[in-house]
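Work through the exercises below with the model open. Each one starts with a task and ends with a stepwise solution.

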Amino acid sequence: MKISGSYTLPVAPERAFQILQDPAILAQAMPGCESLEKIGPDEYRMKMKVLLAALSGQFEGKVRIADQAPPTSFRLIVEGSGRIGFLKGDGLLKLLPRYTDYTGPGAEARTSTEVSTLVSYEGDAQVGGTMAAVGQRLIDGTAKMMIKKFFDKLAGLARNLTW
Amino acid sequence: MNINLKVNGKSYSPDVEPRLLLIHFLRDVAGLTGTHMGCETSLCGACTVELNGKAIKSCTMFAVQANGAEIVTVEGLATNGKLDPVQEAFWNEHGLQCGFCTPGMIMASKQIIERNPSPTEEEIRHGLEGNVCRCTGYQHIVNAVKAAAAGAGK
Amino acid sequence: MIAQKFEYTAPKSLDEALHLLASGAKPLAGGMSLIPMMKLRLASPEHLVDLRTIQDLNFIREAGGQLHIGATASHYEIESSALLRQKCPLLTETAAAIGDVQVRNMGTIGGSVAHADPAADYPAALQALEAKFVLKGAKSERTVSAADFFVDAFATALEPGEILSEVIVPIDDARTGTSYQKMVQPASGFAIVGLAARVRVNAGKVSFVRIGVTGLSNHAYRASGAEKTFEGKTSSPANIQAAAALVAQGVDANSDLHASADFRRHLAVVHAARALKTALSRIA
Amino acid sequence: MATTTTKVETFVGKRIRRREDPRLITGTATYVEDIQMPGMHYAVILRSPHAAARIRSIDTKKAESAPGVVCVLLGKETKGVGAVPCGVAMPDLRVPQHTILATDRVYFVGHPVAVVVARDGYLARDAADLIEVDYEVLPAVADPEKALAKGAPAVHPQWPDNIAFTYHQDGGNVDKAFAEADVVVKQRIVSQRLVPMAMETRGVVAEWRNADRQLNLYTSTQIPHLVRTIVAGMLGLEENRTRVIAPEVGGGFGSKLNVYAEEALMGYVSMKIQKPVKWIESRRENFTCTIHGRGHVDFYEIAAKRDGTILGIKLKLIQDVGAYHQLLTPLIPQLSVLMMPGIYNTQNIRADIVGVFTNCVPTDAYRGAGRPEATHGIERMVDMLAAELKMDPAEIRFKNFVAKDKFPYATATGLTYDSGDYAAPLKKALDLVGYAKLRQEQADLRKQGKYMGIGISTYGEICAIGPSPATPAGGWESATVKIEPSGKVTILTGACPHGQGEETTFAQIAADELGVALDDIVVLRGDTAVVQYGIGTFGSRATAVGGTALYYALQDLKAKIKKFGAMLLESEDVTLAGGQVVDNKTGKSKPFQEIAGATYRALKLPPNTEPGLMATRFWEPPNFTFPFGAHIVVTDIDGETGQIRIRRYVAVDDCGNILNPLIVDGQIHGGVAQGLGQALWEQAVYDDNGQLVTGELTDYALPRAHLMPWIESHHTCTPSPVNPLGVKGVGEAGTIGCSPAVVNSVVDALSPLGVRHIDMPLTPEKIWKLLATKNRDVGSRGATK
């Protein structure tokens, strides 16, 4: 399944790029992430608990960051598998400065002249196992929701951490 | 967990695991294998039984939820060797082929007639929405429900 | 086909249930969504608290000029309620459109609403009805509007330990016309889109419009833009169409095997027009 | 002694309610899952969640020590068991080794990896969760056209081109036909993958009796004898000590015309644990692991003269095989090719099949098996040709039908059509539907911008499968008739009905032949220890082939009864009628029952005659039978939502003589439902990674009661000369006739927009897109000379 979208983070691209690759921050922002542990350069082992309505599942997997071109783009690859199936996301994130008014989380602390970052993402999401068989009509909406949660959290963290 | 329930007029007080599905209680504990499991997503209706007068899918209910309930399965329909009018109509109208969906289909059909003694074709079809038959194309089942309703109304 | 082990409690009272829920148990109502997921082991709650055994949660009654529906009222009880048929026909019509007979016999309004499946039927009607939900916790009770309740896919305003105990809807007299129009996903019976409309006409002009939309995006919503456009106008086909055309505006539509986002948007518009037209035709 | 013959009621041809029904409507029938045995254990199979992966390691320790678990078996332990067989032999057929459990690699989602055996089904399921498999996920390919592309992942590394087999057939002179044509129409037509979805999933109970070296295998199958021969071979058992029982079988539709890994696997498990074991397939497994049907991508070309005379047909057929061959996989598209000329007088045919491996569950026979695909293609092409030539679709068909005085008719594909009057059902269907009036209404509706379509399909099919040389495992059928000393009759048939009603129709045949009451007859089937060898029920063959074997066995017995009757009546000239043997001279008679007793008492025997009344016949059919018919579908399309409403469904089918109209109607209705399922709703969709995304009823849409139209079922009757019953078979006719009629109807409705072809299923979104877009030419335009 193709996924794409964009989100505005309340920090400048250089800072956004940093935050998006900071395992401590990623671990906090990724919905359900219970731990993220470095196992190699730009590679992390992840434990994740997905809670979605009644659905619950423990996943173990990897997060990998590749093709870094600071501060404009990088690839994020997330893989996880558990009893209820597996998921894999592979996307290219592009960061562009934005000078327009920012109204998302953290807006109250900012002035309209500050630069923010438009993060646009495009990639593929795969779901397999039991989840894939019964959850077809839910996958699209769920993926969107998870991504939104991720960025909302990230935006909040960015605000708290940056200034 | 100890529960009490009545199936086809007979009382049972089994000790069951909470996760035991009602259909497995009926089939494996009570030995009533007429009720069939056709899917796991509550969409085929082969497991339909009557619980306190209402048609329900026994594969989507735990036995513990039926504590205190009165259940009727397909085995409980015929009385003193005389078939229920719906059973008789399914037979007369060739409302079944492989027979696997039939017990659930009969239980759902009974509910239709109980709630609406003279259903139209459309009402019958709507009432059978939750039951899949892969053999008959439903037409003879619709005929059977019509016939049973006509017979029961006499 | 076999769920993981869990503990089960059938409490006698709501207080007992809330106490258990406060310590992490999960509520079980009709089980129509939860049990299939448990059988496939997509859901594995450790402790279930059966709300259907609590008498206090099963009612449909009129009080204080509103209609009160207990959480464990089944879809069938709602569909066949003479009171609701007369005073809130939108809800009976919607209940009758859910799933199939067996599901309606067992499934409950509280279970469905709290589950907040993006394609469930009730939320459209409840948005259009501006329903209120009573949420109870072990030490709390609050009332939340439908507009604030549905947050995202399977996400609601319910806090852990809270249950939805009651749904409150207004009484619609005969001058209000309502309709629920649904495009059914043929495999599951869920709504690809479902549109609920409530309209009143005064002196030849549409005086009141409420439109609830389900299935299109991650949660049901009220199409306020469409409502505003229609209010104050005549109920001409052109005005219906102009209002309907706005129901999907600005909405992040979902896409799946059964309908792309574009098709869903289109269907929302078509069914909005149908719901409005039918609702108007039902005004006494 | 009675001296007058009583007129006994006859049964053949009457709407007689089924004799198998009492047990089914009272819930007392025994399906595999209903079988309980002392000491029974339960198996759960762990399956691959990946479409292609290498198995690095499997850790079963936790599972083995879980409560109630007796053993956990992996592929390395079952390596000695023979492979799941492909029953088809053809040159250059590539047959991958299909082990009963995966060893080092998995090839499709659902591939069995391990089996857990426990004393309780719930505990077995719990333990399956504790097995840890480390997979190295590999690239997969799930689309046959993509699998053929250069650089596609190889499903089986030894065959990087993914080609499983090729097959070529040429009849007449195709090049000449196309050179002489005024018009050639081309179209790519997809017949999508479908899930057979028998209501009863598969299931096996295996009971090994060590002291007797005997395996009893209860399995939900259409072919118990073939399962016995093959499973005994796989397990290295003696065939006469392997007993296969198909108890009540809850639907098959071809999906149980197979030998599956689990049948041998459960036998192996039972031998290992020395206890009976039960495995019941979950619906999810049924979707991912039981064969699928169809899976064609067809490239058709049809050549014709300007007057509509069809000159020739070309076909390139891509068959999605899946990861393995099951029993008949490579045969199915060959049936499509055999059926290619349809019922049209066309002697120039060319077909090229390429079977393609994909990382999906294998395809095999599903209701119609090859013939629905062919008929769908031909009937679509004929409609497109009519549109190209601006001819009426009925007219072009009448013009090209094989004339009724041309039978037996030899086709370019090597078949000999037995009998037919192809115009008759079409004429009747046109009358019934009120064709001329409908066309007028359609013209009026078009002026109002409304979409209404009239779709015709005239099909032929190959039934009564079939002469043995044309089948992989013998195409005959057997019957034994035993008349007991009391005169009661027992029929043992090698056919294995699972809903088709032969317990009734076979009793009807026997009752009329012998002049006894239906209630005096019992029909037994589905137990290899009871029934002589048989082939089974599939390919609309049970009555036409099995019923004929029964007919001949009855003739043998009738001759013997007459011999004994003549002896007892001391007459030379007797007749058997109405349950009596009558002396034609004196009018004296002996009731059948008395004679039966005498044959066993054997106080006196006619010359050269043995005691007893039992006869067995194995009947080899000299030919297939070829039923035919015409289906007309009238549709109205919702211009806003793209939803299709079927206003009328008229089916006129000719299946030869009809033994029981009630049962024949049921077969037609059910067949049409499955055809409509394919036309409108059903599709097994794999994503690019080989995940079956319509892997449950939540996403795989089936025909349901409220979605089905009323089917107006009618018949013409052209008896088959192939068998003495004059029957042709009706099990698959509805499915074969249906899908092209529906698609033709919808294309007809949308033809003012320039639409000429739509692939199934005709989902509302597809229709909406056609209504909404400017460029509505979804197919390639026909190249007109």
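Two residues are in contact if their C-beta atoms, placed from the backbone, lie within 7 Å. The model used here is predicted.

**Exercise 1. Describe the side of chain A that touches chain D.**

Solution.
- Step 1: count both sides. Chain A brings 10 residues, and chain D meets them with 12 residues.
- Step 2: find the elements. On chain A, β6 (85–98), β7 (116–128) and α3 (130–134) each give two or more residues.
- Step 3: rank them. The largest share, 3 residues, comes from α3(A).
- Step 4: sort by class. The side of chain A that touches chain D has 4 nonpolar, 5 polar and 1 charged residues.

**Exercise 2. Repeat the analysis for the side of chain D that touches chain B.**

Solution.
- Step 1: count again. Here 41 residues of chain D are in contact with 42 residues of chain B.
- Step 2: find the elements. Those of chain D with two or more residues on this side are α1 (21–25), α8 (283–289) and α17 (661–681).
- Step 3: rank them. α17(D) gives the most, with 7 residues.
- Step 4: sort by class. The residues on this side of chain D divide into 18 nonpolar, 13 polar and 10 charged.

**Exercise 3. Test chain B against the rule for a compact globule.**

Solution.
- Step 1: list the elements. Chain B has 5 helices and 5 strands. From the N terminus on, they run β-β-α-β-β-β-α-α-α-α.
- Step 2: apply the rule. For 154 residues a compact globule would have a radius of gyration near 15 Å. Chain B has 15 Å, so the value agrees.
- Step 3: look at the box. The C-alpha atoms of chain B fill roughly 45 × 30 × 25 Å along the principal axes.
- Step 4: check burial. Buried residues make up 68% of the 154 residues in chain B.
- Step 5: check contact range. Among contacts in chain B with a separation of 6 or more, 60% join residues 24 or more positions apart.

**Exercise 4. Run the test on chain D.**

Solution.
- Step 1: list the elements. The secondary structure of chain D comes to 19 helices and 28 strands.
- Step 2: apply the rule. With 785 residues, a compact globule would have a radius of gyration near 28 Å. Chain D has 28 Å, which agrees.
- Step 3: take the extents. The C-alpha trace of chain D spans about 90 × 70 × 45 Å along its principal axes.
- Step 4: check burial. Of the 785 residues of chain D, 63% count as buried.
- Step 5: check contact range. Residues 24 or more positions apart account for 80% of the contacts in chain D with a separation of 6 or more.

**Exercise 5. Is helix α6 of chain D largely enclosed or left open by the rest of the structure?**

Solution.
- Step 1: locate the helix. α6(D) covers residues 224–235 and has 12 residues.
- Step 2: check its span. From first C-alpha to last, α6(D) reaches 16 Å, close to the 16 Å expected at 1.5 Å a residue.
- Step 3: set the cut-off. A residue is buried if 20 or more other C-beta atoms lie within 10 Å of its own.
- Step 4: count. In α6(D), 10 of the 12 residues are buried, so the helix is largely enclosed by the rest of the structure. Among them are Leu226(D), Val227(D), Ile230(D) and Val231(D). Arg228(D) is also buried.
- Step 5: name the cover. What covers the buried residues of α6(D) includes β10 (214–219), β11 (242–245) and α7 (261–273) of chain D.
- Step 6: inspect the end. Just after α6(D), Gly236(D) takes a positive phi of about 70°.

**Exercise 6. Work out the strand order and pairing sense of two open sheets, one in chain C and one in chain D.**

Solution.
- Step 1: take chain C. Its 3 strands lie in the order β1-β3-β2, with parallel pairing. The edge strands are β1 (7–9) and β2 (26–28) of chain C, and each pairs on one side only. The twist averages 30° from one strand to the next.
- Step 2: zoom in. 3 bridges join β2(C) to β3 (residues 47–50) of chain C. Leu28(C) stands opposite Asp50(C) in β3(C).
- Step 3: take chain D. Its 3 strands run in the order β4-β2-β6, and the pairing is antiparallel. β4 (105–106) and β6 (132–137) of chain D each have a single partner strand, so one side of each is left without a neighbour in the sheet.
- Step 4: zoom in. β2 (residues 53–59) of chain D pairs with β4(D) over 2 bridges. Arg54(D) stands opposite Arg105(D) in β4(D).

Definitions and conventions. Residues are numbered from 1 along each chain as its sequence is written. Chains are lettered from A and ligands numbered from 1 in the order in which they are written. This is a predicted model: local features need pLDDT of at least 70, side-chain atom pairs count only at pLDDT 80 or more; totals for chains, interfaces and linings use all residues. Helices (H or I, at least four residues) and strands (E, at least two) are DSSP runs, numbered from the N terminus. The radius of gyration is taken over C-alpha atoms; the globule rule is 2.2 Å times the number of residues to the power 0.38. Two strands pair if DSSP finds at least two bridges between them. Axes are lines fitted to C-alpha atoms, for helices over the stretch in contact, and angles run from 0 to 180 degrees between N-to-C directions. Ala, Val, Leu, Ile, Met, Phe, Trp, Tyr, Cys and Pro count as nonpolar, Asp, Glu, Lys and Arg as charged, and the others, Gly among them, as polar. The expected span of a helix is 1.5 Å times one less than its number of residues.
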